[in-house]
Amino acid sequence: MAVTEVSQVDRSAVIAEVERVTQSSVLHGSEALCRLLRYLAAQALAHPGIPVKEYQLATEVFGRPADFDPRMDSTVRVQTGRLRSKLAEYYPSAGAEDPLVLEIPKGSYSLVFHYRAAFSPLPDPSAAPPSALGDRGQPNRLVPVVWILAAACLTCVGLLIALWVADRHENQQAAQTLPEPLNIFWAPFLQAQEMPWIIFSNAEFVGKPQFNFRYFDPARDNKASILDHYTGVGEVLAVAELSRVFTQVHRDVRIKRGRLLALDDVKNNNVIFVGSLAENLVLREIPTTQDFVFRKIPSGPREGDVEIANLHPRPGEALAFQASNTLPIQEDYGLIGLVPGLNPSRSILVLAGTTTMGTQAAAEFVCRPHDVAELLKILSKEALPGDGKGPGPFEAVIRVRVSGGVPVNSTIVTVHRPNLR
């Protein structure tokens, strides 16, 4: 594969190439590799020439603890090797026409960018500035004036070119569309005139961060004892992932804390709730999912833990879905529910897990074309209610595999259409 390395690469071109690779069939289902690629690209753009360290990747990408020992844990080496091989597989096949090439040189953890030779904007080495001397080697008094005029002309031409490029880039960006599965899934939120609202959970906490830090319990705590309102890491990353999807099609979103949301806001807008009912208190006041609901385990060794209850189980389905009872958590469950809003012309999307990791996984699931395509395929087996715009009301439970506090793989467990039950 012939490539020509360049010293400067357009940032937007790199980001676009990373998205092409992560959405390709080569990285299908490889959430950890997609996350690793995006991180390496961000580091290369933000800190060019500075190598990425194994410890850095272990703790910041793969969720390893601060005492990570590369002699005992080969995760970073294995995953980087896999990504290097996947990139080598991608460019001769699906990426054969891509102008930009991404590579991870052997022996390093850094991402480098190359333009293919056919696309490389190389300067013309034969071009040379004219002599400032006359035919007899004497200074030519007209030369400074000529150079000033030439510089002015070049400046004007440069401005015109820059304006043309900017206008062309803006038109191309305006015409950008999401992959077809995402266009179908997000239709209710993209086609509405009003911007969608993203509401993230913002739970009340009491105690001090150093000790006895817990959820506010109205049965034993005074309102005055509330220290602050906190949001999980998974919810924060979920909001970022959702914002990225809407930014791709130049759609503004409004992001708001759950505790500041009014019922009139839900009535008049398409709303995406991020976080479980235990933390998104407004969800207790509006009708949402019918078949799968969050509740606290009433008794037993896990009393008080949150689970997803299956109120209308089909043959062979579990009655409830609980995160693994291990530390660190190795498995979680997430709920993805699309239901009509308080105003039937509006929609409510619930993305929540029994823990913050399940919430993150649910949001990432609906932002990945191949996962959404699988979900739409399952939904297509049942009649689609309404006018056919979007997937129609449904409730789905996903199983989330967790490694080092990071969701690494999600699979669909079951999908219900409550209105057709």
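These legends describe close-up views of a predicted model.

**View 1. The seven-stranded sheet is open and mixed.** Its 7 strands follow the order β8-β4-β9-β14-β13-β15-β16. The edges belong to β8 (254-257) and β16 (406-416). Each of these has a single partner strand, so one side of each is left without a neighbour in the sheet. Neighbouring strands are turned by 20 degrees against each other on average, direction ignored.

**View 2. Strands β13 and β14 pair in the antiparallel sense.** β13 covers residues 331-340, and β14 covers residues 347-353. The pairing runs over 7 bridges. Which residue of β14 is the bridge partner of L335? That partner is A352.

**View 3. Helix α8 lies across four strands of the model: β4, β8, β9 and β14.** The helix spans residues 233-248. β4 is the stretch 197-200, and β9 is 271-274. Against β9, helix α8 runs at about 150 degrees. β4 and β14 both flank β9 in the strand order of the sheet.

**View 4. W186 sits in the largest nonpolar core.** This core has 40 residues. The residues with the most contacts inside it are W186, L242 and I272. What does W186 touch, leaving aside its neighbours within four places in sequence? Its contacts are L242, V245, F246, I272, L349 and V366. Another core lies apart from this one. That second core has 34 residues, among them L33, L37, A58 and L100.

**View 5. A three-stranded sheet is open and antiparallel.** The strand order is β10-β11-β12. β10 (292-296) and β12 (320-321) stand at the edges. Each has a single partner strand, so one side of each lacks a neighbour in the sheet. β10 is joined to β11 (residues 306-310) by 5 bridges. Within this pair, F294 has I308 of β11 as its bridge partner.

**View 6. Confidence varies along the chain.** The chain averages a pLDDT of 78, and 76% of the residues score at least 70. Among the elements, β12 has the highest mean pLDDT, at 96. Strand β1 (residues 3-5) has the lowest, at 40. Over residues 1-8 the pLDDT stays under 50. The model has 22 contacts for that stretch beyond four places in sequence. Residues 384-388 also fall below 50. Beyond near neighbours in sequence, residues 384-388 have 7 contacts in the model. Where pLDDT is low, predicted coordinates should not be read in detail.

Note on methods
Residues numbered from 1 in each chain as written. Predicted model: local features only at pLDDT ≥ 70, side-chain atom pairs only at ≥ 80, totals over all residues. Heavy atoms only, no water. Pairing = 2+ DSSP bridges. Helix = DSSP H or I, 4+ residues; strand = E, 2+ residues; numbered from the N terminus. Axes fitted to C-alpha atoms, helices over the stretch in contact; angles between N-to-C directions. Contact = heavy atoms within 4.5 Å. pLDDT = per-residue confidence, 0-100. Core = buried A, V, L, I, M, F, W, Y, C linked by side-chain atoms within 4.5 Å. Buried < 20%, exposed > 50% of the residue type's maximum accessible area, 1.4 Å probe, protein only.
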